[in-house]
Amino acid sequence: MANTGEPAVLAPAQPNSPSAVKTRLNEGRISWTGPLLLIVTRSAMWMTAQSLVALLFLAQHRPNPWRQACYWWSVCFTLADVVCIIGIRFFLKKEGLRLRDLIGPIRLRYGRDIFLGIGYFLLFSPGFVFGGYVAQKLFYGAGVSPSGFILHTHALPLWATLYSLIVFWPINSVVEEMTYQGYVLPRLEALTGRTWIAFCAVAFWFTAQHCVLGFVPDLRSNLCRFVGFLPGVVIVIAIYLRTRRLAPIIVGHWIIDLSAVLMTAVW
């Protein structure tokens with residue numbers, strides 16, 4: 001191609017790419033506060049939500065209110081989604097970004113991201129299955145974890161079941177991925193200058209939040225749950241670091257969350 005003497009025009013970097021995040025960090029628009037707060041927010045809000053529901057059941061003199069509150073995870077944990085969205089939006093405003101910028105390119109032509117998301121689900125779901133199997137054998141053998149009951153079928157009012165199907169799973173998957181991978185991971189990566197540090201921090205808290213899902217104050221049970229979720233979470237994060245796109249990962253996450261709701265609902 002002939003040289004016209006005009007400078008080449010480079011495509012602008014995605015606003016949430018490592019280079020773009022690093023630029024805003026150097027401009028003083030990113031601090032440690034946002035990532036460190038958001039990385040623990042979901043766990044804190046999940047515990048808060050379950051505690052509030054347990055207090056409500058206690059006031060109603062229901063038997064075993066804490067255990068009963070565990071069954072309402074698909075309803076009350078929307079509190080975490082709302083708080084995370086508010087927090088992310090607040091800190092992104094300082095960067096001049098929108099929530100949409102965290103997701104990255106979305107490619108729906110010919111259903112590309114839908115089929116890619118299904119492929120990702122087939123890639124990372126064995127990590128959760130294998131992790132769960134190993135954790136069960138390691139911590140309980142042929143026994144039963146005291147927190148295993150939350151994934152058994154349980155009756156909720158019709159409105160709560162509909163809420164779980166219509167509101168919980170579509171929103172939770174999006175906010176969870178935006179929080180840990182879209183917001184926290186790239187900023188910790190820029191702040192520390194080390195991808196592996198950001199990877200380990202996000203993997204720990206992304207996994208730890210699942211110990212709070214239907215929390216049972218039993219150390220062995222929580223260690224079992226942590227080990228069970230960790231391999232799948234590591235695969236999910238590895239996919240994001242390789243692709244830097246959330247849309248297909250969210251599709252795969254949708255399948256998991258919807259499956260959990262369908263598995264535990266009484267029809």
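Select Ile118 to begin: at 36% relative accessibility this residue counts as partly exposed, a class that lies between buried (under 20% relative accessible area) and exposed (over 50%), with a 1.4 Å probe and protein chains only. The model is a predicted one, in which local features need pLDDT of at least 70 and side-chain atom pairs count only at pLDDT 80 or more, while totals for chains, interfaces and linings use all residues. Residues are numbered from 1 along each chain as its sequence is written, and side-chain values use heavy atoms, with hydrogens and water left out.

**The nonpolar patch**

Ile118 lies in helix α6, residues 112-139, where helices (H or I, at least four residues) and strands (E, at least two) are DSSP runs numbered from the N terminus. Now add Ile106, Leu108, Ile114, Phe115 and Leu122 to the selection, since together with Ile118 they make a nonpolar surface patch of about 600 Å². Patches are made of residues with over 30% relative accessible area and no salt bridge, like charges being joined within 9 Å and nonpolar side chains (Val, Leu, Ile, Met, Phe, Trp, Tyr) within 5 Å; the areas come from the Shrake-Rupley method with a 1.4 Å probe, and for residues only the protein chains shown count as cover.

**Helix α2 and its two partners**

Two packed helices are described by the angle between their axes and the distance between the axes. Select helix α2 (residues 33-59) together with helix α5 (residues 78-95), which pack at an angle of about 165° with their axes 8 Å apart; axes here are lines fitted to C-alpha atoms, for helices over the stretch in contact, and angles run from 0 to 180 degrees between N-to-C directions. Helices α2 and α5 are therefore roughly antiparallel to each other, as angles over 145 degrees count as roughly antiparallel, under 35 as roughly parallel, 65 to 115 as roughly perpendicular and the rest as oblique.

Keep α2 in view and add helix α7 (residues 158-192), whose axis comes within 8 Å of that of α2 and crosses at roughly 150°, so that α2 and α7 are also roughly antiparallel to each other. What is the handedness of each crossing, that of α2 with α5 and that of α2 with α7? The crossing of α2 and α5 is right-handed, whereas that of α2 and α7 is left-handed; a crossing is left-handed if the near helix is turned anticlockwise from the far one by less than a right angle, and right-handed if clockwise.

**Salt bridges**

Side chains of opposite charge can pair when their charged atoms come close. A salt bridge is taken here as a side-chain nitrogen of Lys or Arg within 4 Å of a carboxyl oxygen of Asp or Glu, and by this rule the count comes to eight salt bridges.

Staying with α2 and α5, select Arg42 and Asp81, which form a salt bridge with their closest N and O atoms 3.0 Å apart. This pair links distant parts of the chain, Arg42 being in helix α2 and Asp81 in helix α5, 39 residues apart. Arg42 counts as buried at 0% relative accessibility, and Asp81 is buried as well, with a relative accessible area of 2%.

Next select Arg24 and Glu95, whose side chains meet in a salt bridge at 2.8 Å, N to O. Here too distant parts of the chain are linked, with Arg24 in helix α1 (residues 18-26) and Glu95 in helix α5, 71 residues apart. Both Arg24 and Glu95 are buried, and adding Arg187 shows a network of salt bridges that links Arg24, Glu95 and Arg187.

For a further pair, select Glu27 and Arg29, which form a salt bridge with the closest N and O atoms 2.6 Å apart. Arg29 counts as partly exposed at 34% relative accessibility, and Glu27 counts as partly exposed at 48%.

**Two loop residues with positive phi**

Most residues other than glycine have a negative phi, and most peptide bonds are trans. Select Asn64, in the loop between α2 and α3 (65-70), where phi is near 45°, a positive value in a residue other than glycine. Then move to Arg244, in the loop between α9 and α10 (247-264), which has a positive phi of about 55° although it is not a glycine.

**Last stop: helix α9**

Select Arg220, placed in helix α9, together with Phe139: their C-alpha atoms are separated by 6.9 Å, although the two residues are 81 residues apart along the chain. Ala238 is also in helix α9 (residues 219-243), and Ala238 and Leu162, 76 residues apart in sequence, are 33 Å apart in space, C-alpha to C-alpha.
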